[in-house]
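Biologist: Could we go through the ligand sites of this model together? I should like to begin with the metal.

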Amino acid sequence: LAEQFSTGALAGRNVVITAGPTQEAIDPVRYISNHSSGKMGFALAKAAAEAGASVRLISGPVHLPTPDRVERIDVTSARDMHAAAMQQTSDSDIFISCAAVADFRPETVAEIKIKKDPDSPNEGMTVSLVRNPDIVASVAAKEDRPFVVGFAAETGNVIEYAKDKRKRKNLDLIVANDVSDTSIGFNSDDNAVTLIGADIEEPLPKCSKRQLAGQLIEMIAQFYSQSQE
Ligand code: CTP
Ligand code: CA
């Protein structure tokens with residue numbers, strides 16, 4: 001009910017957000033993943049709900065409570081997240097891809113726990129990896145696509161890499177994140193980013209992920225409205 005009467009910047013909008021890492025199984029007890037905490041995506045979901053949106057949060061395995069008035073869909077692997085995102089964006093206005101999707105997964109998943117050979121104590125082990133689908137690019141390539149916002153975790157020439165990524169994936173906006181600074185990004189409570197669109201490059205200085213999420217949602221809502229004119 002609250003959302004029907006909301007006068008927030010995203011009142012009446014359907015927003016789908018991905019958050020957290022994905023886990024790619026090697027065998028029944030092992031997986032490949034990354035250090036994403038999910039904090040930024042969860043903060044965005046909370047801020048979007050507070051701005052009046054109806055929010056669906058597709059989350060990889062994280063240890064975070066679901067924000068109020070947010071519908072959470074739990075997934076494990078990149079392929080699960082891809083399927084959920086394709087399905088959930090069939091009727092969404094805005095898609096925000098905040099998840100740290102594993103770029104590769106083991107080519108095969110062993111059905112039983114992989115054992116060491118006790119007779120070959122010096123033998124190594126190789127896991128063959130294959131590429132995962134690009135979730136945000138798949139959503140952006142849909143015929144009836146929502147307004148699409150991606151993130152770019154980069155080191156080095158952060159802005160240039162992010163601009164390339166925005167174009168390559170056909171995104172409306174990309175949030176560039178310098179992950180060489182370990183006091184921000186991934187597991188941290190703080191973040192500093194630059195919001196990049198076709199004609200904009202707006203630095204948002206270091207602050208808490210909660211504050212940053214509020215600012216990002218305001219700006220995303222603004223550019224989304226402009227795109228509808
Ligand atoms: N992303 C995605 N699906 C993937 C990989 C990434 O949807 N399989 C999304 C992320 O959620 C993010 C954006 O793409 O919004 C950029 O992710 P990033 O890891 O920075 O870029 P990649 O395209 O994976 O390129 P690379 O890691 O090689 O720099
Ligand atoms: Ca990647």
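**Metal site and ligand pocket**

Modeller: Asp103 is located in the loop that runs between β6 (94–97) and β7 (104–106). Please bear in mind that this is a predicted model.

Biologist: Which protein donors does the calcium ion (ligand 2) have?

Modeller: They are Asp103 (OD) and Asp103 (OD), which lie 2.5 Å from the calcium ion.

Biologist: Turning to ligand 1, where does it sit?

Modeller: Ligand 1 occupies the largest pocket. Two elements each give two or more residues to the shell around ligand 1, namely α3 (135–140) and β9 (147–154).

Biologist: Which element provides the largest share of that shell?

Modeller: That is β9, with four residues.

Biologist: And which residues come nearest to ligand 1?

Modeller: Of the 14 residues around ligand 1, the nearest are Ser97, Ala99, Val136, Lys165 and Lys169.

Biologist: How do the shell residues divide into nonpolar, polar and charged?

Modeller: Eight residues of the shell around ligand 1 are nonpolar, two are polar and four are charged.

Biologist: What about the backbone: which polar backbone atoms lie 2.8 Å from an oxygen atom of ligand 1?

Modeller: A backbone N or O atom of Ala99 lies at 2.8 Å from an oxygen atom of ligand 1. A polar backbone atom of Phe151 is likewise 2.8 Å from an oxygen atom of the ligand. For Ala153, a polar backbone atom is 3.2 Å from an oxygen atom of ligand 1.

Biologist: How much of ligand 1 does the protein bury?

Modeller: Ligand 1 taken alone exposes 570 Å², and the protein buries 76% of that area.

Conventions: Residues are numbered from 1 along each chain as its sequence is written. Chains are lettered from A and ligands numbered from 1 in the order in which they are written. This is a predicted model: local features need pLDDT of at least 70, side-chain atom pairs count only at pLDDT 80 or more; totals for chains, interfaces and linings use all residues. Side-chain values use heavy atoms; hydrogens and water are left out. A residue is near a molecule or strand if one of its heavy atoms lies within 4 Å of it. A polar contact is a pair of N or O atoms within 3.5 Å; within protein, one must be able to donate a hydrogen and the other to accept it, and residues adjacent in sequence count only if both atoms are side-chain atoms. Accessible areas come from the Shrake-Rupley method with a 1.4 Å probe; for residues, only the protein chains shown count as cover. On a 1 Å grid over the protein atoms alone, a cavity is a set of points where a 1.4 Å probe fits but cannot get out, and a pocket is an open set with protein on both sides within 12 Å along at least five of seven lines; lining residues have an atom within 4 Å of a point. A molecule sits in a cavity or pocket if more than half of its atoms lie within 2 Å of its grid points. Ala, Val, Leu, Ile, Met, Phe, Trp, Tyr, Cys and Pro count as nonpolar, Asp, Glu, Lys and Arg as charged, and the others, Gly among them, as polar. Donors are N, O and S atoms within 2.8 Å of the metal (3.2 Å for Na, K and Ca); water is not among the atoms, so sites may look incomplete.
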